[in-house]
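Please open the structure in a viewer and keep the sequence panel visible. The tour below proceeds from one selection to the next.

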Amino acid sequence: MGRLLLFPLACAGLMLAQDNKIRVIAFGAHPDDCDIRAAGTAALFAQMGHLVKFVSVTNGDAGHQTEGGGALAKRRRHEAKESARRLGIEYEVLDNHDGELLPSLDVRLQVIRRIRQWNADIVLAPRPNDYHPDHRYTGVLVQDAAYMVVVPNVAPDTPPLRKNPVFLYFEDGFQRPQPFRADVAVAIDDVFSKKIDALDSHRSQFYEWLPWVDGKLDDVPKDAAERKKWLAKQRSRTITPAIRAALEKWYGREKAAQVRHAEAFEICEYGRQPKEEDLRKLFPMLQ
């Protein structure tokens, strides 16, 4: 199976579902990962009537300093469900153990089936270089699915896609083996509060586990409203020059200069390779 077979329908142009709704599926290792990297973009898609699904490849049953196992996994599923409600999207948490994820055939087939079932136009995932092995292997799993989603004899219980989606990576700050490249940058100022609402749903993480890991648990306000303000401050980041340049490409210099919050994505070299006009159709908020 050579590379020329990777994109059997690429020359046919952009193919969306018959209802013209763009279908986006994002994979994270844990039940808050997609929210961190793409909740703003998801909110924009949802507001425009398109369909978004977040998938956590593990159940998050190790991510806490005092809780764990089935009770923590149940709590994190409830948090993900609440995040989905606030964003207007779907959320699925797979039952693989946190901290034990490997890019096995079994989990790859789980990923392939979800992409097919969603009839995805866009697939988002982490790059396979990261401090956390679960993050790295989620990236590998989605890469490994990028061609297989169109192969009928792989996971034959789920019909193959007749189009190869566009696969993109979430933004990250890792420099090796190469730094993140901002191919698409989405301004999320109008929905930044929705992103914070989504993150606020994951209370076990943003108000308990992550501050504890960072040695800042005492900094978390007790009052719910103050806590959310604190979270917004913690999750506000300076836009890098590279992402500012990408914003200028997609929005124009004048509008890009006003953007305070953005999410960026890098096109994976696997999957369909979109042209600029394809990306403008797939990301209709880029105006």
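**A first stop at an exposed arginine**

Select Arg253, which counts as exposed at 65% relative accessibility; here buried means under 20% relative accessible area, exposed over 50%, and partly exposed in between, with a 1.4 Å probe and protein chains only. Add Glu248, which is partly exposed with a relative accessible area of 29%. The side chains of Glu248 and Arg253 meet in a salt bridge at 4.0 Å, N to O. A salt bridge is a side-chain nitrogen of Lys or Arg within 4 Å of a carboxyl oxygen of Asp or Glu.

**What is on display**

This is a predicted model, in which local features need pLDDT of at least 70 and side-chain atom pairs count only at pLDDT 80 or more, while totals for chains, interfaces and linings use all residues. Residues are numbered from 1 along each chain as its sequence is written, and side-chain values use heavy atoms, with hydrogens and water left out.

Colour the model by pLDDT, the predictor's confidence in each residue, from 0 to 100. The mean pLDDT of the protein is 94, and 94% of its residues reach 70 or more. Now select residues 1-13, where the pLDDT is below 50. Beyond near neighbours in sequence, this stretch has 14 contacts in the model, a contact being heavy atoms within 4.5 Å. Where pLDDT is low, the predicted coordinates should not be read in detail.

**Further salt bridges**

How many salt bridges does a search of the whole structure find? The search finds 24. Select Asp98 and Arg76, whose side chains meet in one of them at 3.9 Å, N to O. Asp98 lies in the loop between strand S3 (90-93) and helix H3 (105-118), and Arg76 in helix H2 (residues 69-87), so the pair ties together parts that are 22 residues apart in sequence. Helices (H or I, at least four residues) and strands (E, at least two) are DSSP runs, numbered from the N terminus. Are Asp98 and Arg76 buried or exposed? Both are buried.

Move next to helix H7 (residues 224-234), where Lys229 and Glu226 are three residues apart and thus separated by about one helical turn. Their side chains meet in a salt bridge at 3.5 Å, N to O. Lys229 is exposed, with a relative accessible area of 55%, whereas Glu226 counts as partly exposed at 40%.

Then select Glu82, Arg85, Arg86, Asp200 and Arg203 together; a network of salt bridges links these residues.

**The sheet**

Switch to a cartoon view and find the open sheet of seven strands, with the order S3-S2-S1-S4-S5-S7-S6 and mixed pairing. Two strands pair if DSSP finds at least two bridges between them. S3 and strand S6 (184-187) stand at the edges, each with a single partner strand, so one side of each is left without a neighbour in the sheet. Neighbouring strands of this sheet are turned by 25 degrees against each other on average, direction ignored.

Highlight strand S2 (residues 51-56), which runs parallel to S3 and is joined to S3 by four bridges. Phe54 stands opposite Tyr91 in S3. Show H2 as well: this helix packs on the sheet, touching S2 and S3, and its direction makes about 165 degrees with that of S3. Axes are lines fitted to C-alpha atoms, for helices over the stretch in contact, and angles run from 0 to 180 degrees between N-to-C directions.

Within strand S2, select Leu51. Leu51 is partly exposed, with a relative accessible area of 27%. Leaving aside neighbours within four places in sequence, Leu51 is in contact with Lys21, Ile22, Arg23, Val24 and Trp118.

**Aromatic pairs**

Finally, display the aromatic rings; the structure holds five aromatic pairs. Rings of Phe, Tyr and Trp (its six-membered ring) pair if their centres lie within 6.5 Å; planes under 30 degrees apart count as stacked, over 60 as edge-to-face and the rest as tilted. Phe45 and Phe283 form a tilted pair, 5.7 Å centre to centre with 50 degrees between the planes. This pair links distant parts of the chain, with Phe45 in helix H1 (residues 33-47) and Phe283 in the segment after helix H10 (276-282), 238 residues apart. Phe45 is buried, with a relative accessible area of 1%, and Phe283 is buried, with a relative accessible area of 1%. Add Phe265 to the selection: ring pairs link Phe45, Phe265 and Phe283 into a cluster.
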